[in-house]
Amino acid sequence: METIWLYQFRLIVIGDSTVGKSCLIRRFTEGRFAQVSDPTVGVDFFSRLVEIEPGKRIKLQIWDTAGQERFRSITRAYYRNSVGGLLLFDITNRRSFQNVHNWLEEAQSHVQPHSIVFLLVGHKCDLEAQRQVTQQEAEKLAGAFGMRYVETSARDAINVEKAFVDLTRDIFELVRNGDIKIQDGWEGVKSGFVPNTVHSSEEVTKGSRQCFC
Amino acid sequence: MEDRDDPSYSPVSSLHLHQRHRSPSPSGDVISRGHLQVTCSGEGEEVRASEREEPLTCKLCPRTDDVLPIKCHCDVREAGEDQWAGLSRTDDVTEAVRTNQNSSSCTKESKVNSCHRPVTAGSCGGGASGGADLHLDELADPTRTVMTSNFDPETQEEEGVTSDLQELSSDDDDDDDEAFTTDPPLPPGELCPAPTVTASAIPARSKNTFQSGRRQSAPDQLVQEDGGSESELQSRRPGIVEFFSSRKQRSVSHSVPGWKLFGKVPPKQSPTKEARIIQQEFEARQVVACSSPTHHAAGQQSWRKVEVEPLSTTALILEDRPQNLPAKSAEETQRHREEYEVMVAEAKRKELKEAQRKEERKKERLRQEEQISNNTSIWTNQILPQWDHMKSSRRVRDLWWEGLPPSVRGRVWSVAIGNELNITAELYEIFLCRAREKGRSLAVTQSDEGASPADREASLELITRDVSRTFPSLCVFQKGGPYHDMLQSILGAYTCYRPDVGYVQGMSSMAAMLVLNMEEVDAFISFSNLINRPCQLTFCRVDHQQMLRYFGTFQVFFEDALPRLFLHFRSSGVTPDLYLMDWILSLYTKPLPLDVACRVWDVFFRDGEEFLFRAALGILRMYQDVLLDLDLISIAQFLSRLPDEEQLSDRLFSYISATPILSRNRKWSQVLSSYSS
C-alpha cells in the first residue's frame, strides 16, 4: 500500500515583520504572489506535500509567525515543536539582517531540549537595486551559525521551491541517519502511516533505506 | 385556401400538393412535412394554395410515396406545365439544393413526426427548405433558408413565391391535421391569420420564408405593398424578401452551407431570441398537436406562457442529422422529442423555482429594509436621547441584539464605549502633530543604525505598512483611498498617546472599523477607550500571562458547552492561542465578514468582553461538525478565515444565543477572577 506521506515535518518561519514571511510561504504553498496580505497576528498555518525523491513524500506543516516583537511571547512557544525553521531577513532592510542574531538566540533558548535545523533566507532578492545586505556577508553569517543561505523572491518566484526543498532534504537526511528521532509528545517529526498499519519510525527508516540500496 | 380549383392555380401550388402527399410516409427519409402556404403572385394576380387539398392529393397521386425525396426538387417550370410531372424532375435544381433539401426534409421529419401534415413546398427546392426552416429556424443561416428557383418565364412572370410556414400552420386550423406550427413569439391573433393570405402578404420572416421570383427588381416592393394591404399583423412582421433571378445568383445561394452544425454557418444574430423562438415554436406545435380544433386558444396559451418560458433551450435535440449521416429513425426522433419535452419541463420548473426564490428574497429584503428604517427611528428618536436611562432596559437590549442599524451604529458605539479617558479633540490634535513630527524625523534617521529595533520605534513604520493592507477589498484604506490618511493619523496619534501600548498588528483593522462608522475625532476617542479595556489591553500588549488567563477561562466554558469538540481539539493539539488570539485581537474583523463582525461588535458593546468569548463558542458550535473531521492545520486554517455564507449573521447569532456563557452556574467574570491568583 502506498503511504500518503512518509514523514510530516513542522517548520517555523521567523524573522522581522514585513520581511515577507507570509508572501514566501504563500508562494510556496499556493503558487501565487499576493500583493496585499493581512499582517500576521500570532500565527498562521500552511501545509504542502514535497516529493524529495520519487515516491518519497514529506508533508510540511508550516507555522507562519508574526514578526512583531511583542508577539514573541506567543511565538516562542512554537519553537519547541518545530524540526526546521526558515529565518528570513529582507536584503533591502539592513536592520532585519542585524536582527538575525536575536532571532537565533531567541529560538535556541526556547527549543531545548530539541534543536531546529535552520535555513537563512535573504528575501526580496528581486529588489537588487535596493540591496543593503551583500550575499557574501549573509553567507558568512550563515556559515558562522552552521546554516545554509539562499536568496529568494516571492514576487519573481526565485529559489522559493529550492529553499523549502533543501531544508526538507537536510532534515530528512538527519532523520534517516537517526540524528533526529521521532518522539512521543514532540510534534517536530511525525511518521507517516500506511492505512491499517502504523509504522514505527524504525520500520519506516529501514524501509526507506532498503529503497535506496 | 379556396383557390385550389382556381384556374390560375399555380404550378407551384400543385407541386406543393404533391409534396404534401408524400409526407405521410412514415419513413424518416421522406421529405419533410410542413405547412406551406404558397402563393404566387404574378402581375397582380394572386394564387393561393391551401393545405386543405392534402387528402385529395394523396388520393390523386398515390405513387408519390415512392418517390425519393430528392425528386421533389423539381423545377417549377416543369410543374407549371404538368402539375405532377415535377415530382420526378430534378434537373433544374442544383445538386447543392438537393442535398440541402434532403437534410432539411429529414430535419422536418424528425421534428414533426407526430404531425401528419403533408409537406408543402412552395417551389422546387424552396418548399422543402422552408419546411426545414421550421426546425432550423433561427439557427440556420438566413441565406440558406431562402431558396430560389428559376421559374419559367412563360408561366410565372414576375412571380414571387413566398411560403411562410407559420402562416401555413395557422391555416391548418380548419384541417384536422395538426399542424406543425412554427409559432414565433407572436400574439395569438397572429398565430391564426386569415386563411386567405397571399404570398406577398405573408409576413416574410426571413428564416421561415423563402421567396422566389424571376426578377430581382420587383419583389421587394411588391411584397411590401401587398403586405401592407393585406393585414396589419403581417406588416408587423419583419420580412426579408429575396429574389434571385439568375442562375448565378441561385448557385450562390446554393453554396450556402447546408447544415448549420457542421457547415460553415455565419454566427447567429441574436441567440437568445432565437432560442426563445424555437422553444415557442415547439410549444405551439405541441399544443396544436394535442388540440387542433382549439388551435387558436392553444396558441394563446402558449403565448401567455411565454413569460416563464425557459430561454435556454435551443431544441437542437430536435434537429436532424447532417446529410452525410444516416437519418434518425422514427423511434429515435420520438425519443428525442420526449427527451426534449422533459428537458423543457425541467428547465421550466427550475426557472419557476428560481423566480419564486427571487421573489421571496426580494420580499425578505424589503422587510429587512423596513425593519432597519423602523429601528433607526427608534434608536434615533427614543433611545439615544435618553441613553443612560434606557440602555439597560430589556427592550433596548433585545433591539440591540438584533444588530444596530448602520446609520446609528457609530453613535451607539461611541456612547456605549464612552470616554473614560476624557480625551478631547484638542488632545487628539496634539498627539497627531507629535506623530507627524516623529514620522518626519524617523524618515530622516531611519536609513541606518537601526540598532534600536524597539517595537515602539518601529511602530510608525509598521503602521504605514499595515494601513495600506487594511480591508484591502474595500479599497478605502489604501494609499490614495479616502480613509488612508485618517486611519494612519489615528494609529499614529495613538502610539504617541499611549507609548506604553504602542502599535500592534491587528489594531489597524480595529481602528478601521471605527473609522468606517464615525468621524475622525470620535473614532480616536472610541479607539483609545476601547483599547483601554482590560481584555483589549491584554491582547494588544500581547501580555502572555494575562492572555493565558483568558484562554484558560475560555477553555472552561468550551469544555462545558462543546465537550466533544473540546476533546478533539485537545487531541489534535489545537490550543486557544492558535485561533482566539487572532479573533480577540482583531475583534473578529479578520475571521468574519465585515457585516457579521459589525454585529459582533454591536453586542460586544452591549455585553462586554465575555461576549467575545461567547461569540467564539458560537462559531465553534456552528462549525462543530466540520471541525470534528479536520486535523490541526486544517482547523487552524479554517478558523482563521471562516467561510462567508448566506445568512451567516443570523445563523451565527442563533448559535451564539444557544450558547450561554455559563459553567456550573458560574459566570464569565467569576471564572476569570478565579484564574487571577
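**Exercises on core and helix packing**

The largest nonpolar core has 144 residues, and those with the most contacts inside it are M507(B) and L620(B). Such a core is a set of buried Ala, Val, Leu, Ile, Met, Phe, Trp, Tyr and Cys residues joined through side-chain atoms within 4.5 Å. Helix α28 (residues 610-622) of chain B gives the largest share of this core, nine residues. This is a predicted model, in which local features need pLDDT of at least 70 and side-chain atom pairs count only at pLDDT 80 or more. Residues are numbered from 1 along each chain as its sequence is written.

**Exercise 1.** Determine whether S528(B) is buried or exposed, and which residues it touches.

*Solution.* Step 1: S528(B) is placed in helix α22 (residues 520-531) of chain B. Step 2: S528(B) counts as buried because its relative accessibility is 0%; buried means under 20% relative accessible area, exposed over 50%, partly exposed in between (1.4 Å probe, protein chains only). Step 3: not counting residues up to four places away in sequence, S528(B) touches L421(B), I423(B), Y494(B) and Y497(B), contact being heavy atoms within 4.5 Å.

**Exercise 2.** Describe how α20(B) packs on α21(B).

*Solution.* Step 1: the axes of helix α20 (residues 484-497) and helix α21 (residues 507-517), both of chain B, are 10 Å apart at an angle of about 120 degrees. Step 2: α20(B) is therefore oblique to α21(B), as angles under 35 degrees count as roughly parallel, over 145 as roughly antiparallel, 65 to 115 as roughly perpendicular and the rest as oblique. Step 3: residues in the contact include I490(B) and Y494(B) of α20(B), and M507(B) and A511(B) of α21(B).

Key. Chains lettered and ligands numbered in written order. Heavy atoms only, no water. Helix = DSSP H or I, 4+ residues; strand = E, 2+ residues; numbered from the N terminus. Axes fitted to C-alpha atoms, helices over the stretch in contact; angles between N-to-C directions.
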